[in-house]
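Please look over the sequence and the structure shown below before reading on. The report that follows turns to the surface and to a few residues on it.

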Amino acid sequence: MGTPQGGPLSPLLSNILLIDLDNELDHRGHKFCRYADDCNIYVKSERAGQRVLQNVTGFLEKTLKLKVNREKSDVGRPWQRKLLGYSVCARKQNIRLRIAPAVLMRFKQEVKHTLRSARGWSIHRTVEKLNLKLRGWITYYRHITVRNVLLDLDGWLRRHLRKIAWRQWKRVYTRIKRLIALGIDESRAATSAVNGRGAWFNSGASHMNQALPKKYFDYLGLVSLIDYHQRLKY
């Protein structure tokens, strides 16, 4: 009682107390996966799932005297649920582990927050700040086997960095000068600099992709999620 959630004592006490839950689920013949107070129970039908949810909730609240978070407790297909941020793809065979969609949305929000707080920083400093988060995040999700999302995230991150660069260049003359210095011909640089479109549009346009390609960010040391994940596997 009174143990703060997220504290180091919380998962230890959960594992001690919920051994009784493990034994109860084993006794009932259920397949399940539990880590501290996070648990998924696997049954064959939605009807069975509703019955088990009701029975297990009753066991936790009446027998173990615990409070069940009913907002997070639900019945759904395995690919609609998550455990510790992981989920599975919607297949009946060759099922693969993936990052849960809700986790991806939260990750993007956290990256946007980091980038907003980095306004006025140089690209080099922003990359260093991002790398601290990216390394830890992908290391945690190193067990995934659905990897195409990492390619999408890599492209999304580079586009945000291009957007920052475009905004930092500010004036038309500066944009022309920087684009030319990065290998864009003078005529195209001039046209691109006065196209009247916003920073997000230009960050995804061909002139910025050519001026600041992946190898440029590799040179800056930006962590590539797909490449880092590949190294972690081996």
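## Surface patches and selected residues

In this predicted model, Lys108, Lys112, Arg116, Arg119 and Arg167 together form a positive patch on the surface. Helix H4, which covers residues 101–117, supplies the largest share of that positive patch, namely three residues. Arg119, another residue of the patch, is placed in the loop between H4 and helix H5 (123–140).

The surface also carries a nonpolar patch, which is made of Leu9, Leu12, Leu13 and Ile16 and has about 370 Å² of accessible area together. Leu9, one of these residues, belongs to helix H1, which covers residues 9–17.

A third residue to consider is Lys129, which is located in helix H5. If neighbours within four places in sequence are left aside, Lys129 is in contact with Thr114 and Trp121. Lys129 and Leu115 are 14 residues apart in sequence, and their C-alpha atoms are 8.9 Å apart in space.

How exposed are these residues? The table lists the relative accessible area of Arg119, of Leu9 and of Lys129.

| Residue | Relative accessible area | Class |
|---|---|---|
| Arg119 | 61% | exposed |
| Leu9 | 44% | partly exposed |
| Lys129 | 39% | partly exposed |

Arg119 counts as exposed because its relative accessibility is 61%, and the cut-off for that class is over 50%. Leu9, at 44%, is partly exposed, and Lys129, at 39%, is likewise partly exposed, because this class lies between the limits of 20% and 50%.

Key
Residues numbered from 1 in each chain as written. Predicted model: local features only at pLDDT ≥ 70, side-chain atom pairs only at ≥ 80, totals over all residues. Heavy atoms only, no water. Patch = residues over 30% accessible without salt bridge, like charges linked within 9 Å, V, L, I, M, F, W, Y side chains within 5 Å. Areas by Shrake-Rupley, 256 points an atom, 1.4 Å probe, with all protein chains shown as cover. Salt bridge = Lys/Arg side-chain N within 4 Å of Asp/Glu carboxyl O. Lys, Arg positive; Asp, Glu negative; His and termini not counted. Charge placed at Lys NZ, Arg CZ, Asp CG, Glu CD. Helix = DSSP H or I, 4+ residues; strand = E, 2+ residues; numbered from the N terminus. Buried < 20%, exposed > 50% of the residue type's maximum accessible area, 1.4 Å probe, protein only. Contact = heavy atoms within 4.5 Å.
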